[in-house]
Amino acid sequence: MATACRLAAPLGLAPLPRSRAAVVAVSQCGSKISRGGVAIRATSGGEQATEEVPEIVKAAQDAWDKVEDKYAVATIGVVAIVALWTAVGALKAIDKLPILPGVFELVGLGYTGWFTYRNLIFQPDR
């Protein structure tokens, strides 16, 4: 029966090297393959993994269940993601310009100096 079934690489990809193929190969007909003391059996399912859901996921699900207008919340979330993506793209475009990053750095240093002089140096203004 082992000769009737052909060994297949995982996910239909190219065959694995000979040393690894013996460990992870699974028969197409679901029979047991034993190579070098390693036995692997393909099953059709039926066994469910019972993992507990993390507390943060439960909290998020509870919060989502309490929302009355799910459409509005989902729309705001999508708009926020698009706005963030647009802002990152604009910043990357500005950063590629040859003169503006240097000017922004000078403005930032100047504002930091002014803020420090005005609010942090003298005791009555602290």
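Helices here are DSSP runs of H or I with at least four residues, numbered from the N terminus. The structure is a predicted model, in which local features need pLDDT of at least 70 and side-chain atom pairs count only at pLDDT 80 or more, while totals for chains, interfaces and linings use all residues. Residues are numbered from 1 along each chain as its sequence is written, and side-chain values use heavy atoms, with hydrogens and water left out.

UniProt, in an unreviewed entry, places the feature "transmembrane region" at two spans, given in the numbering used here, although such annotations may be inferred rather than shown by experiment.

| Span | Helix | Strand | Distance between end C-alpha atoms |
|---|---|---|---|
| residues 71-91 | 100% | 0% | 30 Å |
| residues 98-117 | 90% | 0% | 30 Å |

Helix 3 (70-96) and helix 4 each supply at least two residues of a nonpolar patch, and helix 4 gives the most, with 3 residues. One of the residues in helix 4 is Val-107, which is exposed at a relative accessible area of 53% (exposed means over 50%, buried under 20% and partly exposed in between, with a 1.4 Å probe and protein chains only).

Aromatic rings also meet in helix 4, where Tyr-111 and Trp-114 lie 3 residues apart, about one turn of the helix. Across the whole structure, a search finds 2 aromatic pairs. The ring centres of Tyr-111 and Trp-114 are 5.7 Å apart and their planes stand at 35°, so this pair is tilted; rings of Phe, Tyr and Trp (its six-membered ring) pair if their centres lie within 6.5 Å, and planes under 30 degrees apart count as stacked, over 60 as edge-to-face and the rest as tilted. Trp-114 is partly exposed, at 44% relative accessibility.
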